[in-house]
Structure formats: C-alpha cells, structure tokens
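Notebook open, aromatic rings first, then a helix. I want to see how the rings pair up and which way the helix turns its residues.

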Amino acid sequence: MSNSQNRKSAAVPQSRVSRLARMGSLAGRIAGNVVLEGGRHLVQGKKPVISDLLLTPKNLHQVADKLSTMRGAAMKMGQLLSMDSGSLLPDELSSILERLRSDAVTMPMSQLVMVLERHWGEDWNERFSRFSFEPLAAASIGQVHEATCTQGRHLAIKVQYPGVRQSIDSDIDNVYSLLRMTGLIPKTLDLQPILDEARQQLKQEADYLAEGAHLDAYRQHLQSFKRNADLIVPTFHADLSTTEILTMDYVAGDSLDVLRSMSAEKRTDIMSLIFSLFFAELFDFKCVQTDPNLANYLYQADKHKLVLLDFGAVRVFNPDFVQKYRNAMCATVKQDRQSLDTALHELGFFQNGMKVANREVVSDIFMMAAEPLRYNGDYAFGQSDLAKRIQARGLSVSGDPDAWHTPPPDVLFLHRKMAGLYLMAARLNASVNVHALFAHYLNNQQE
C-alpha cells in the first residue's frame, strides 16, 4: 500500500456500466491520439507505424492513470501483469504497469462514509472515540484508516472500494480487451492462464472475512516457527469486520526501506528471517502469503522486529504438490538435470508437447533461479545480475509463439513470491546464506 503523502482522491466507479464506460472513453482517447500522431508523422513525410503511434508516452500515461482511478481488478490486473510477465511485455507497457504497484487514488470521504453506513449502520461513528478520515495507505482493492474504538482498542481498518467485488470478472475482461486492442499486449502472448488465476485471487482478496480467517490461521502456524518472537502479526477483530471491512490492531512501524541505511548485519538478519519464513510457509505450514509487495511488511527498529500486514493473497498448497516442488528444488541444488526434468514433468510442465529446445530453456531458468540456494555462503543479492541472466535466457526463444508455456497455477504463485523476495533482498542490498536456510529441507527431502 502507498503512503498518504501527495495522494489524489477520486470517486470509484461502482457499476459495471460506469466502469465499462471508463474503459470505452479511454479507448476513444487513445484512438484519437493515434489519429493525431499519425497526421503529425504524415506532415513530416514519415510513414506511420501503428505500434509507434500506440506506444506513445501520452497513451501509456493515460492507460496507467485510468487503471489507478478505477482501482479494483483493473488496477490489480496491471500489477499482476507487471510482476508475472514483465519480461515478455513491451518495455513501455511494463514501465506503466510497474507504476501501478505503488500508485493508488483514494476515494472521497462521502463515498467512504457511504460504505461504512452500509456495513455498520448510520450510527457507526458511535462505536469509535476517534476515526481518522485521512487514509494511512491505499492500494488496488481498499484503503486503510486509523481509529480508536470506545473500548480503547487502537485499530487499523481496511475499507474496500465500493463495487470492487462485483466488477472483478468484467474489469479483467475489459482491461484485457483494451490492452489487446491497443497492441500493448502482443497477439502471440497467451495470458489467459494468468487472467484466470487473477480472477480467483482477486475474489479471494476481496473477501475480508476470509482474510481475517487466514490471519488467525497464520498466527497459529507461526507458533511452531523458530523465530516467531521476531515477528508481529496484528490481531483480527471479527466483531468490527465484514466482507468489505477488515479491522485489525494498529501496529506501528517503518517501511523496510529504512533498512537500506542501516548496518549490513541488520539487513542480512531481516532478509534471513523473511527467507526462513518463506521456507516454513511452503514446507511446514503449506500455506504461503504469495504477495511479495514490500509494503506488506513493516520494521520496528527499536525492537528489531518484522511486522506482517497483508493476508489477502494467502494460498494453501496440497502436500503432494509441496513434495513435488521440493523434489524440483533439491534437484536444482544438486544440479541433477535428469531429476529436475522428472520433477518438472510431475509438477505439470511440458504437458502440451513442448519443443525439446524450449524444455531446455525452462530447465535452464529453473536451475538459474536456484543459484542462491546452491551458493555455499552469503549470496550478495545487491551485486547479482541473476534477474538479467534469467530474462536473457527466456528472451532467447521469446520470438517463437509456441515457446512459452505458462506453469501450473501453484507454481506461478510460488515463483511470483520467490522473485519478489529476490528483488526485495536486492533492494535492501542484503547478503543472505539461503543455502544454509534451505539445508534442513534438502536433508529431509522424503518427509
């Protein structure tokens, strides 16, 4: 979620018709821009190229601005695409989708009050001795407010934007159609599996009672985690929560970015904690918070503790899948190509008769991604060019429309989380002995 500084406010379009109209007006403006830009090219004696006319800064900024004001699935889809397919999309589109990860527009107070009255009644304010109408943070699905209830509990209240839950399917279809129509997504790129998963994830994230249940269940899992004392998870308050309002304890803390100015020891320790937690989530809890957004964590410098904030994107994994994925990870650590090929096939890769050359690319990328797990010592994420090498290997066959095979959904979400952790470690310039953290699961492969 973004912070409250310099944040814009705009009413959220609630009905499907109004949201579709927003997309239609955007398409019209882009078409008008294409005509004007094409005329300018002709006057200059140049032959217009449609891709050049579409991928102008003006068009790209209008797409980003519209998605950020619509919020909901429209904005979330942009965020998902930027994370899951950034290496396959045009650089221009990737850059504007990247902007959506931290760019959110809040709803005006009148619309906020309308939502609160619908869920808590017209006398909702009698429950609180203080309620701040200025949001602490805003994201694609909702915004967070600070409050104190009459019983004295200091609370963080996440309020969902109106119409988000009802517009998920239509939003995704409309945005995908727009991006296809404008040429911002290559016609040869099949994003349907990502879109299907986006629908399911968004519907889960838009159910705040389900998120509250995940929060309580996660806290139970953490009781067996060896570094549980270094973590803080807010308490869920069911009595003040609904499907569109999530109420938790307010927990103070700083952005993880503050670690960038702290000692290497502190940076390494916090990232080691985050990697340890991920391995425990996958192999012990079989329940992973799959959103690697930096804003889903806070850091308490005085106590050197990590605060975990968002549990909307929790995914529960089947034990059989976890064992198969561990087999694949262990094969990469041991650099056993034959075992890796077998493990990937068991996970659901290579089901569509993928070309031998492209199978090798998938195997290569999987092997490269496990480099930090193989490295016997502190892996310096800040100095690594691993992401560029993986991208280069993938792009070596990107011109072939048959080259790309979307991995199984569970794998897709795990890779998104792992890639996010790598990027986080690089941003914090942390060096982590990932191999040592993974060693327990490597040595207990057949549990």
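I looked up the aromatic pairs and got 24 of them, in what is a predicted model.

First entry: Phe 275 with Tyr 422. Their ring centres sit 6.3 Å apart with the planes at 45°, so I log the pair as tilted. It joins distant parts of the chain, since Phe 275 belongs to helix H10 (residues 264-285) and Tyr 422 to helix H16 (residues 409-427), 147 residues apart. Are these two buried or exposed? Phe 275 is buried at 3% relative accessible area, and Tyr 422 is buried at 13%.

Next I pulled up Phe 317 and Phe 321. The centres are 5.4 Å apart and the planes at 20°; under 30 degrees counts as stacked, so this pair is stacked. Phe 317 is buried, with a relative accessible area of 3%, and Phe 321 is buried too, at 9%.

I also noted a cluster: ring pairs connect Trp 120, Trp 124, Phe 128, Phe 131 and Phe 133.

Then on to helix H6 (residues 109-120). Its 12 residues reach 16 Å from first C-alpha to last, close to the expected 16 Å. Which of its residues are buried? I found Gln 111, Leu 112, Val 115, Leu 116 and Trp 120. Looking down the axis of H6, I see the buried residues fall within an arc of 145°, so they line one face of the helix. What do they pack against? I get strands E1 (128-131), E3 (142-149), E4 (154-160) and E6 (245-249).

Last check: Gly 121 follows H6, with a positive phi near 95°.

How values were computed
Residues numbered from 1 in each chain as written. Predicted model: local features only at pLDDT ≥ 70, side-chain atom pairs only at ≥ 80, totals over all residues. Heavy atoms only, no water. Phe/Tyr/Trp six-rings, centres within 6.5 Å; stacked < 30°, edge-to-face > 60°. Helix = DSSP H or I, 4+ residues; strand = E, 2+ residues; numbered from the N terminus. Buried < 20%, exposed > 50% of the residue type's maximum accessible area, 1.4 Å probe, protein only. Expected span 1.5 Å × (residues − 1). Arc of directions from axis to C-beta. Contact = heavy atoms within 4.5 Å.
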